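Here is a short note to read next to the model. The points are numbered so that each can be taken up separately.

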Amino acid sequence: MVMKLVINDLKKLLDKNAALMSLMALICSFMALFFADGRSQEINKVMDIVKIDGILILFIMFGVELAKNTLVSDKISKKLEFLLANGLSIKKILIKYLFSIYLGTLIIVLPSLILNLLKLEISLIIILNLLISSFLYTLIIVLIILDTRNMNKVNSLQIRLIGLSLLIMIALILVYNFTNSYAFYLITKFFILGSVIIILGINTNKERIVVSYY
């Protein structure tokens, strides 16, 4: 049942607007590809890491937009209350929106991602970093909206999450400069994102999910 709901959401999300967002992301990535060219090898290595994390910012922007078309709309229209009343658990609701928004956004940024990975040295760590990080950010988006009662706050959600991602990015660059370890860079990132998810998850309950107002 959950998978059917995810597929229905994807059909709704992947429209002409999604194609336009994908084109915008591809153009931005193409312009940024040669940003570090002509610099030292070490600086280029750091910039490659930053470029990959930069795709996450696009992922957040588009993820919030897709969430507005599904999760926010369903919460305002009381569809979430209907789903809960008909036996769909909070866990299944979370899975439904998490995968529909994540997969939809991933499809949108896929051309940009392929372009960047062709330019950079493709490694399993880089791919896993992007896939796991984008998944965690999508989970954060879903939890924040589920916990939000005043739906006017969703309008500023993109700015707040982009600000959070930039702060995390700056902190991680400092960690990398001090440790020169990509592994420690990733551990720190996943620890921060995991901590945010745990805090949001603790506050998620049926009352917060069904209550919404403007």
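**Notes on the predicted model**

1. The second largest cavity has a lining made up of 8 nonpolar residues, 1 polar residue and no charged ones. The model is a predicted one. The lining consists of Ile55, Leu56, Phe59, Leu106, Val109, Leu113, Leu130, Leu131 and Ser134. Helices α3, α5 and α6 (124-147) are the elements that each give two or more residues to this lining. The volume of the second largest cavity is about 40 Å³.

2. The number of cavities of 30 Å³ or more comes to 2. The largest has a volume of about 60 Å³. Around the largest cavity are Asp53, Leu56, Ile57, Tyr137, Ser165, Ile168, Met169, Leu172 and Lys189. Two elements, α3 (41-76) and α7 (157-179), give two or more residues each to that lining. The most comes from α7, with 4 residues.

3. What is the make-up of the lining of the largest cavity in nonpolar, polar and charged residues? It divides into 6 nonpolar, 1 polar and 2 charged. For the second largest cavity, the charged count is none. Leu56 is listed in the lining of the largest cavity and also in that of the second largest.

4. As to the overall fold, the protein has 9 helices and 0 strands. In sequence order the pattern reads α-α-α-α-α-α-α-α-α. The chain has 214 residues, of which 46% count as buried.

5. A nonpolar patch on the surface is formed by Ile95, Phe99 and Leu103. Together these residues have about 210 Å² of accessible area. Phe99 belongs to helix α5, which covers residues 90-119. Why does Phe99 count as partly exposed? Its relative accessibility is 33%, and the partly exposed class lies between under 20% for buried and over 50% for exposed.

6. Side chains of opposite charge can pair when their charged atoms come close. In this model the count of salt bridges is 2. One of them joins Lys68 to Glu65, with the closest N and O atoms 3.6 Å apart. Both residues are in helix α3, where 3 residues, about one turn of the helix, separate Lys68 from Glu65. Lys68 is partly exposed because its relative accessibility is 25%. Glu65 is also in the partly exposed class, at a relative accessible area of 30%.

7. Which side chain meets that of Arg149 in a salt bridge? The partner is Glu207, at 3.6 Å from N to O. Arg149 sits in the loop between α6 and α7, while Glu207 is in helix α9 (residues 206-210), so this pair ties together parts that are 58 residues apart in sequence. Arg149 has a relative accessible area of 30% and is therefore partly exposed.

8. The loop between α3 and α4 (79-85) holds Ser77. Ser77 is partly exposed, with a relative accessibility of 49%; the cut-off for exposed is over 50%. How far apart are the C-alpha atoms of Ser77 and Val210? They are separated by 10.0 Å, although the two residues are 133 residues apart along the chain.

9. Lys78 also deserves a look at its backbone. Lys78 is not a glycine, yet its phi is positive, at about 70°. Lys78 is placed in the loop between α3 and α4, and Ser77 is placed there too. With a relative accessibility of 35%, Lys78 counts as partly exposed.

10. Asn180 has a positive phi as well, at about 55°, and is not a glycine. Asn180 is found in the loop between α7 and α8 (182-203).

Key. Residues are numbered from 1 along each chain as its sequence is written. This is a predicted model: local features need pLDDT of at least 70, side-chain atom pairs count only at pLDDT 80 or more; totals for chains, interfaces and linings use all residues. Side-chain values use heavy atoms; hydrogens and water are left out. Patches are made of residues with over 30% relative accessible area and no salt bridge: like charges are joined within 9 Å, nonpolar side chains (Val, Leu, Ile, Met, Phe, Trp, Tyr) within 5 Å. Accessible areas come from the Shrake-Rupley method with a 1.4 Å probe; for residues, only the protein chains shown count as cover. A salt bridge is a side-chain nitrogen of Lys or Arg within 4 Å of a carboxyl oxygen of Asp or Glu. Buried means under 20% relative accessible area, exposed over 50%, partly exposed in between (1.4 Å probe, protein chains only). On a 1 Å grid over the protein atoms alone, a cavity is a set of points where a 1.4 Å probe fits but cannot get out, and a pocket is an open set with protein on both sides within 12 Å along at least five of seven lines; lining residues have an atom within 4 Å of a point. Grid points are joined across faces, edges and corners, and a volume is the space filled by probe spheres set on the points. Ala, Val, Leu, Ile, Met, Phe, Trp, Tyr, Cys and Pro count as nonpolar, Asp, Glu, Lys and Arg as charged, and the others, Gly among them, as polar.
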